[in-house]
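Good morning, and thank you for joining this group meeting. Please look at the sequence and the structure as they appear, and keep both in view while I speak.

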Amino acid sequence: MTGVKVHLDDAMGTSLIMLYGLAHDARAHPTILGDTIAAAAYDKVEYDFARLGLKPELIGKAVASRARHFDGWTSEFLARHERATVLNLGAGLDSRVWRVAPGPGVTWYDVDFPEVVDVRRQIFPDRDGYRLVGASVTDPGWLEEVPADLPTLVIAQGLTMYLQPADGHALLRRITDRFARGVVVLDTHSAYAVRRQNKLVNRAFGATLHWAIEGPADLERRNPRLHCTDSVSGLAVQADLVRLPFFYDLLMRLAMLVPKARNAGLYLRFTFGD
Ligand SMILES: C[S@@+](CC[C@H](N)C(=O)[O-])C[C@H]1O[C@@H](n2cnc3c(N)ncnc32)[C@H](O)[C@@H]1O
């Protein structure tokens, strides 16, 4: 059987790193997520992953631990709201909708550029209540098609750093203007992390990170409807969930002592509305 030939560059290419990480975690012992849907999707893709020079064990643990944290926030929201809308922005090749398995009262939108959506259609199964939107998240048009009457969860995992700051703030404003109430979960890169990560994604895909966020106040100042309820260091999440080889574990624990490293990537949860 021939695979699905994938050519994704710029920010879109980075979704391949996430799929690679989830698939490797699924086959690791012990596994963090055990995401067999991601592993099956990865097996369908024809792409020279070796050119990325990634360390499968490390990338698997990093990607899966972040995904598990955001799965937890997603499941908490779904447990509270039987009828709800979920917008997974910059969904890439992530398989969260199958991992958290929302019930029949939930409509779930995975939004990414049309090229990424085209790959998704070829490597993932379909499911009830699931919609794929091929558009830039910064294009206001698609959002107007999403019903606004239910509690809404907005997930932006691995997205903000690829947006221009003005576009990101405008997107958050459109979301809190359109939906009466909901929760926004997203991760951030500080200016230090943007500089570091740019080297990898630039070399691999010609992608550039733009938006540095130092903490929740950067977003709350620009959008008073957003109230941060949780701010967690990505490094701390990894240190809790992951058992790394001795040398890497030591490095991570030392890095945790340095605020610049500890706050390089934050996982933030906001509420808005009544
Ligand atoms: C690092 S990947 C993260 C994918 C997924 N959220 C995950 O965590 O596995 C970044 C994704 O953001 C998408 N993206 C970046 N800018 C976007 C935009 N303006 N509109 C839609 N998607 C965008 C890219 O195409 C890519 O799929």
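**A walk through the chain**

I begin with a caution: the model before you is predicted. Every residue number I mention counts from 1 along the chain as its sequence is written.

Let us take the overall form first. The chain contains twelve helices and nine strands. Its radius of gyration is 18 Å, close to the 19 Å that the globule rule gives for 274 residues, so the chain is as compact as a globular protein of that length. Along the principal axes, the C-alpha trace spans about 50 × 50 × 35 Å. What share of the 274 residues is buried? Buried residues account for 51% of them.

I turn next to the backbone, where three places deserve attention. As background, most residues other than glycine have a negative phi, and most peptide bonds are trans. With that in mind, please find the peptide bond from His29 to Pro30, which is cis, with omega near 0 degrees. Pro30 sits in the loop between helix H1 (10-26) and helix H2 (36-44).

The second place is Asp10, a residue other than glycine whose phi is positive, near 55 degrees. Asp10 belongs to helix H1. Its relative accessibility is 40%, so Asp10 counts as partly exposed.

The third place is Ala101, where phi is again positive, near 45 degrees, in a residue other than glycine. Ala101 is located in the loop between helix H4 (96-100) and strand E4 (106-112). With a relative accessible area of 46%, Ala101 is partly exposed.

Now to the charged side chains. Side chains of opposite charge can pair when their charged atoms come close. How many salt bridges does the count give? The count comes to 14 salt bridges, and I shall describe several of the pairs.

One of them joins Glu46 and Lys5, whose side chains meet at 3.5 Å, N to O. This pair links distant parts of the chain, since Glu46 is in strand E2 (residues 45-46) and Lys5 in strand E1 (residues 4-5), 41 residues apart. Are these two partners buried or exposed? Glu46 is partly exposed, because its relative accessible area is 31%. Lys5, at 56% relative accessibility, counts as exposed.

Another salt bridge is formed by Asp187 and Arg66, with the closest N and O atoms 2.6 Å apart. Here too the pair links distant parts of the chain: Asp187 lies in strand E7 (residues 182-189) and Arg66 in helix H3 (residues 56-80), 121 residues apart. To judge whether these partners are buried, we need the cut-off, which is under 20% relative accessible area. Asp187 has 2% relative accessibility and therefore counts as buried. Arg66 has a relative accessible area of 11%, so Arg66 is buried as well.

A further pair, Asp249 and Arg253, forms a salt bridge with its closest N and O atoms 3.1 Å apart. Both residues lie in helix H11, four residues apart, about one turn of the helix. Asp249 is buried, with a relative accessible area of 19%, whereas Arg253 counts as partly exposed at 39% relative accessibility. Salt bridges can also share partners: Asp35, Asp71, Asp94, Arg96 and Arg99 are joined in this way into one network.

Finally, let us consider the surface. Which residues gather there in a patch of negative charge? They are Asp9, Asp10, Glu115 and Asp118. We have already met Asp10 in helix H1. Asp118, for its part, is found in helix H5 (residues 114-123), and at 43% relative accessibility Asp118 counts as partly exposed.

The surface also carries a nonpolar patch, formed by Phe246, Phe247, Leu250, Leu251, Leu254, Leu257 and Val258. Together these residues have about 750 Å² of accessible area. Take Leu254 as an example: it is placed in helix H11 (residues 246-256), and its 47% relative accessibility makes it partly exposed. Helix H11 is also the helix that holds Asp249 and Arg253.

To close, I ask you to locate two features on your own screens. Please find the cis peptide bond from His29 to Pro30, and then the salt bridge between Asp187 and Arg66. Thank you for your attention.

Note on methods
Predicted model: local features only at pLDDT ≥ 70, side-chain atom pairs only at ≥ 80, totals over all residues. Heavy atoms only, no water. Patch = residues over 30% accessible without salt bridge, like charges linked within 9 Å, V, L, I, M, F, W, Y side chains within 5 Å. Areas by Shrake-Rupley, 256 points an atom, 1.4 Å probe, with all protein chains shown as cover. Salt bridge = Lys/Arg side-chain N within 4 Å of Asp/Glu carboxyl O. Lys, Arg positive; Asp, Glu negative; His and termini not counted. Charge placed at Lys NZ, Arg CZ, Asp CG, Glu CD. Helix = DSSP H or I, 4+ residues; strand = E, 2+ residues; numbered from the N terminus. Buried < 20%, exposed > 50% of the residue type's maximum accessible area, 1.4 Å probe, protein only. Rg over C-alpha atoms; globule rule 2.2 N^0.38 Å.
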